[in-house]
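These notes are meant for a colleague who is meeting this structure for the first time. Please read them with the sequence and the model side by side.

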Amino acid sequence: DWTVAGQKGGLSLVAKSAGDTSLTIILYTADGNFSAKADIDTGWTRSDIPLTEFKNKEGKKFDVNKHMLQKMEIRPARSAVSTTLFIDEIGLAQNVTGRKQDKLK
C-alpha cells in the first residue's frame, strides 16, 4: 500500500498511440476503486491528472488522506478499429494543480 503526500498529488503519464484513443486509469483501494480517463493521440504527450479527478461510482473523489492506493490498472478504450498503445513513463507526481497535456517532441 502506498499514497502520495499532499493534496496536490497526481498521476503523470507519457503515451502515444497509432490512432487517437483514450485510456481509463483505475486506482484500487481497500475502500473501492476510483477512475479517470485520458485522451491519447498519435504524438508523444505527457498527461498530468490530479488524483482528485479520480472518482468512484458514486462520484466521490479519491482522497489522499483517506485512501491508500493498492493497485493501478490502465485500460485502453474499446474500439472497432485496432490500434497500438505505447506508454513510455508512468508515475505519481506532486504539485499537480490541474489537468494538463503537453506535446513532446
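1. A salt bridge is here a side-chain nitrogen of Lys or Arg lying within 4 Å of a carboxyl oxygen of Asp or Glu. Please keep in mind throughout that the model is predicted. With that cut-off, Glu89 and Arg46 form a salt bridge, their closest N and O atoms being 3.5 Å apart. Because Glu89 belongs to strand E6 (residues 85-93) and Arg46 to strand E4, the pair ties together parts that are 43 residues apart in sequence. As for cover, Glu89 is partly exposed at a relative accessible area of 38%, and Arg46 is also partly exposed, with 24%.

2. How many salt bridges does a search of the whole structure find? The search finds two. Besides the pair described above, Glu73 forms a salt bridge with Arg75, and here the closest N and O atoms are 2.4 Å apart. Glu73 counts as partly exposed, with a relative accessible area of 22%, and Arg75 counts as partly exposed at 42%.

3. Turning to the overall make-up, the protein chain has seven strands and zero helices, so that reading along the sequence gives the pattern β-β-β-β-β-β-β. Of its 105 residues, 34% are buried. When contacts between residues at least 6 apart in sequence are considered, 74% of them join residues that are at least 24 apart. The chain exposes about 6600 Å², of which carbon and sulfur atoms supply 46%.

4. One open sheet deserves a separate look: it consists of three strands in the order E3-E2-E5, with antiparallel pairing. Its edge strands are E3 and strand E5 (69-76), each of which pairs on one side only. Neighbouring strands of this sheet are turned by 20° against each other on average, direction ignored. Between E2 and E5, which run antiparallel, there are seven bridges, and Leu23 stands opposite Pro76 in E5. As general background, strands of a sheet pair through backbone hydrogen bonds, in either a parallel or an antiparallel manner.

5. The largest nonpolar core contains 16 residues, and those with the most contacts inside it are Leu13, Ile25, Leu27, Ile49, Leu51, Phe54 and Phe62. At least two residues of this core are supplied by each of strand E1 (10-17), strand E2 (21-29) and strand E3 (32-40). The largest share, four residues, comes from E3. In soluble globular proteins, nonpolar side chains tend to be buried together.

6. Which residues does Phe62 touch, if those up to four places away in sequence are not counted? The contacts are with Leu27, Thr29, Phe34, Leu51, Thr52, Phe54 and His67. Among these partners, Leu27, Leu51 and Phe54 are also named with Phe62 as having the most contacts inside the core.

7. Finally, is Ser47 buried or exposed? Ser47, which lies in strand E4 (residues 45-50), counts as buried because its relative accessibility is 3%, and the cut-off for buried is under 20%. Leaving aside residues up to four places away in sequence, Ser47 touches Leu11, Ser12, Leu13, Asp39, Lys100 and Gln101. One of these partners, Leu13, is also listed among the residues with the most contacts inside the largest nonpolar core.

Key: Residues are numbered from 1 along each chain as its sequence is written. This is a predicted model: local features need pLDDT of at least 70, side-chain atom pairs count only at pLDDT 80 or more; totals for chains, interfaces and linings use all residues. Side-chain values use heavy atoms; hydrogens and water are left out. A nonpolar core is a set of buried Ala, Val, Leu, Ile, Met, Phe, Trp, Tyr and Cys residues joined through side-chain atoms within 4.5 Å. Buried means under 20% relative accessible area, exposed over 50%, partly exposed in between (1.4 Å probe, protein chains only). Contact means heavy atoms within 4.5 Å. Two strands pair if DSSP finds at least two bridges between them. Axes are lines fitted to C-alpha atoms, for helices over the stretch in contact, and angles run from 0 to 180 degrees between N-to-C directions. Accessible areas come from the Shrake-Rupley method with a 1.4 Å probe; for residues, only the protein chains shown count as cover.
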